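Reader: I am new to this structure. Please show it to me, and then I will ask why certain terms are used for it.

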Amino acid sequence: MDFTGKNVLITGASRGIGKATAMAFAKKGAKVGVNYKNNDEAAQMALQELPGEGHHLFKRDISQKEETKALIDDFIKVYGQLDVLVNNAGISIFHELDHVDFDHWTHAWEKTFETNLFAAANLCYWGTKAMMKSGGGHIVNVSSRGSFRGEPTKPAYGASKAALNAMSQSLAKKLAPHHIYVGVVAPGFTETEMAQETLTPAERENLLRESPFKRMARPEEVAHAILFLASEGAAYSSGTIIDVNGASYLR
Ligand SMILES: NC(=O)c1ccc[n+]([C@@H]2O[C@H](COP(=O)([O-])OP(=O)(O)OC[C@H]3O[C@@H](n4cnc5c(N)ncnc54)[C@H](OP(=O)(O)O)[C@@H]3O)[C@@H](O)[C@H]2O)c1
């Protein structure tokens, strides 16, 4: 896979799967726009680690709809053209139905959908306008195994990712005539900061048992699937959802 001369925008690329994806694209010659929300230090470090030249940081809170247009505008000002959009940024908030009050419940649903679904939808809206001007592009949306398997302690997370799958498939149909190809990567638990911060040792043990590989996904393995869907030759795979879950949940 060669991305020389391609301009790639990745949301939530200051750490975790997004950072590994930025690294993978940069190694293959792309110029990468690294979006993030808060953590300037992590973003600077992620930028410095990228091989090659022409990478930039784009600090924007994509859960705010005005910021999604601003992000695409900023990107086009710098690069002139958007070839690949990776909607990777995501949040997950625990909100077990029988453990939380109604305010917590509604807050979790609203915040989760703003970041995991509405941001991706809005970036697809503005991003495809840019792509249409330059003759096409690729969109890869990062979903989750939880969209199929259920997320009993974070139902909004599972629902937001299921909606992201459905949106991606609708857009794959809509956008094919415009030479814009839309795919989804659905990782299982992945060894990122988010996993390290949220898992107790007992939960980690349980998770390791879920896959016959007896380990979690590595961020680089998720990045590999993202690059495939964004690559030349993957056009006819538009609408596909690639599971990267170590055969822990087969559908
Ligand atoms: N890790 C897993 O086990 C796993 C499994 C399945 C699916 N996924 C999905 O994979 C994606 C990446 O997960 P991860 O574990 O790599 O995440 P992570 O380590 O928590 O990193 C999240 C990234 O998203 C950014 N971000 C969050 N909210 C944002 C916003 N409103 N605007 C802009 N950037 C925002 C963060 O920036 P700041 O730090 O600056 O806020 C950070 O760069 C997510 O969609 C997640 O749902 C992860």
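Author: What follows takes the sheet and then the ligand, in a model that is predicted.

Reader: How do you know that β2 and β3 are paired?

Author: Two strands count as paired if there are at least two bridges between them. Four bridges join β2 (residues 31-36) to β3, so the pair meets that condition. The two strands run parallel. As for one bridge, N35 has F58 of β3 as its partner.

Reader: What is the order of the strands in the open sheet?

Author: The seven strands are arranged as β3-β2-β1-β4-β5-β6-β7, with parallel pairing.

Reader: Why are β3 and β7 said to stand at the edges?

Author: β3 (56-59) and β7 (241-244) each have a single partner strand, so one side of each has no neighbour in the sheet. From one strand to the next, the twist averages 20°.

Reader: What makes α6 a helix that packs on the sheet?

Author: Contact means heavy atoms within 4.5 Å. Helix α6 (residues 155-175) touches β5 (137-142), β6 (180-187) and β7. Its direction makes about 160° with that of β6. Another helix, α2 (residues 40-49), lies across β2 and β3 and runs at about 155° to β3.

Reader: Which pairs of atoms make polar contacts with the ligand, and how do you know that they qualify?

Author: The cut-off for a pair of N or O atoms is 3.5 Å. An oxygen atom of the ligand lies 2.8 Å from a polar backbone atom of N39, so this pair is within the limit. For G12, the distance from a polar backbone atom to a ligand oxygen is 3.4 Å, so that pair also qualifies. A ligand nitrogen is 3.1 Å from a polar backbone atom of I62, which means that the cut-off is met there too. The protein buries 94% of the 910 Å² that the ligand exposes when taken alone.

Reader: What makes up the shell around the ligand?

Author: The ligand is surrounded by 29 residues, and the closest are S14, N38, N88, Y157 and T190. By class, 10 are nonpolar, 14 polar and five charged. At least two residues of the shell come from each of α1 (16-27), β2 and α6.

Terms used: Residues numbered from 1 in each chain as written. Predicted model: local features only at pLDDT ≥ 70, side-chain atom pairs only at ≥ 80, totals over all residues. Heavy atoms only, no water. Axes fitted to C-alpha atoms, helices over the stretch in contact; angles between N-to-C directions. Near = heavy atom within 4 Å. Polar contact = N/O pair within 3.5 Å; in protein donor to acceptor, adjacent residues only side chain to side chain. Areas by Shrake-Rupley, 256 points an atom, 1.4 Å probe, with all protein chains shown as cover. Nonpolar A, V, L, I, M, F, W, Y, C, P; charged D, E, K, R; others polar.
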